[in-house]
Structure formats: C-alpha cells, structure tokens
Amino acid sequence: MLQLGTPEQVAEKLHTTTASLAQMRYRGDGPPFVRAGRRRVLYRWCDVEQWIEDSVHTRTDQKRGS
C-alpha cells in the first residue's frame, strides 16, 4: 500500500505552509502530487523524499538537477 500524505502533513515535514505548497503545485516546481477526486490533493511520501534528494545543492548559483 502506498504511503500518502496530506498537504498539511507534507508542509509540516518541509517546514513550510500549505499555501506555499499550493503555489509550488501551480508553478510546477514542488513535489509531485496526486489528485484524488476534484479537490483532494495527496502526496506520495516516496515522491516527496525523491524531490528533496533532487533539490540538494552545493552552491547557491547551481541550477536544479545540476
């Protein structure tokens, strides 16, 4: 069974707000998410963890994924 998190749970783990997560979804630069129906948004924890791994940088001028 997949482990799913709500925007509130993911925001807490990422030390951000649900509004910031909503903006990331709009811009397409946040963790991948699942639409469960018309309005419900969920996150697979494996995707959140991968997004964090992909966001690791060693310099401030480094582009994502470089």
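This passage describes the fold, core, surface and side-chain contacts of a predicted model.

The protein contains 3 helices and 3 strands. Along the sequence, these elements follow the pattern β-α-α-β-β-α. Helix H1 covers residues 7–13 and helix H2 covers residues 18–27. Strand S2 is formed by residues 34–36. Strand S3 spans 40–44, and helix H3 runs over 45–54. Taken along the principal axes, the C-alpha atoms fill a box of roughly 40 × 25 × 20 Å. The chain has 66 residues, of which 23% count as buried.

The interior was examined next. In soluble globular proteins, nonpolar side chains tend to be buried together. In this model, the largest nonpolar core has 8 residues. Its members are Val10, Ala11, Leu21, Met24, Val41, Tyr43, Val48 and Trp51. Helices H1, H2 and H3 each give two or more residues to this core, as does strand S3.

Two other buried residues deserve a description. Leu42 is found in strand S3. Its relative accessibility is 12%, so Leu42 counts as buried, given that the cut-off for burial is under 20%. Gly30 belongs to the loop between H2 and S2. Gly30 also counts as buried, because its relative accessibility is 16%. Gly30 and Trp51 are 21 residues apart in sequence. In space, their C-alpha atoms are 7.5 Å apart. Trp51 is itself one of the residues of the largest nonpolar core.

Nonpolar side chains also appear at the surface. Leu2, Leu4 and Val34 make a nonpolar patch of about 240 Å². Val34 lies in strand S2. With a relative accessibility of 31%, Val34 counts as partly exposed. Residues of such a patch need over 30% relative accessible area, so Val34 passes this cut-off.

The model holds 3 salt bridges. One joins the side chains of Arg44 and Asp47, with an N to O distance of 2.7 Å. Arg44 has a relative accessible area of 30% and is therefore partly exposed. Asp47 counts as buried, because its relative accessibility is 15%. This bridge thus pairs a partly exposed arginine with a buried aspartate. Arg44 falls within the range given for strand S3, and Asp47 within that of helix H3.

A second salt bridge is formed by the side chains of Asp29 and Arg27, at 3.1 Å from N to O. Asp29 is partly exposed, with a relative accessible area of 31%. Arg27 is exposed, and its relative accessible area is 51%. The cut-off for exposed is over 50%, so Arg27 meets it.

The remaining bridge links the side chains of Asp61 and Arg59, at 2.8 Å from N to O. Both of these residues are exposed. Asp61 is placed in the segment after H3. Its relative accessibility is 52%, so Asp61 counts as exposed. Distances to other parts of the chain were also computed for this pair. Asp61 and Lys13 lie 48 residues apart along the chain, and 25 Å separates their C-alpha atoms. Arg59 and the buried Leu42 are 17 residues apart in sequence. Their C-alpha atoms are 31 Å apart in space.

Contacts involving aromatic rings complete the side-chain picture. The structure holds 1 aromatic pair. In addition, the charged end of Arg25 sits over the ring of Phe33. The distance from this charged end to the ring centre is 5.8 Å. Arg25 falls within the residues of helix H2.

One backbone angle stands out. Most residues other than glycine have a negative phi. His15 has a positive phi of about 55° although it is not a glycine. This histidine is found in the loop between H1 and H2. His15 is exposed, with a relative accessible area of 75%.

Technical notes
Residues numbered from 1 in each chain as written. Predicted model: local features only at pLDDT ≥ 70, side-chain atom pairs only at ≥ 80, totals over all residues. Heavy atoms only, no water. Patch = residues over 30% accessible without salt bridge, like charges linked within 9 Å, V, L, I, M, F, W, Y side chains within 5 Å. Areas by Shrake-Rupley, 256 points an atom, 1.4 Å probe, with all protein chains shown as cover. Salt bridge = Lys/Arg side-chain N within 4 Å of Asp/Glu carboxyl O. Helix = DSSP H or I, 4+ residues; strand = E, 2+ residues; numbered from the N terminus. Buried < 20%, exposed > 50% of the residue type's maximum accessible area, 1.4 Å probe, protein only. Core = buried A, V, L, I, M, F, W, Y, C linked by side-chain atoms within 4.5 Å. Phe/Tyr/Trp six-rings, centres within 6.5 Å; stacked < 30°, edge-to-face > 60°. Lys NZ or Arg CZ within 6 Å of the ring centre and 35° of its normal.
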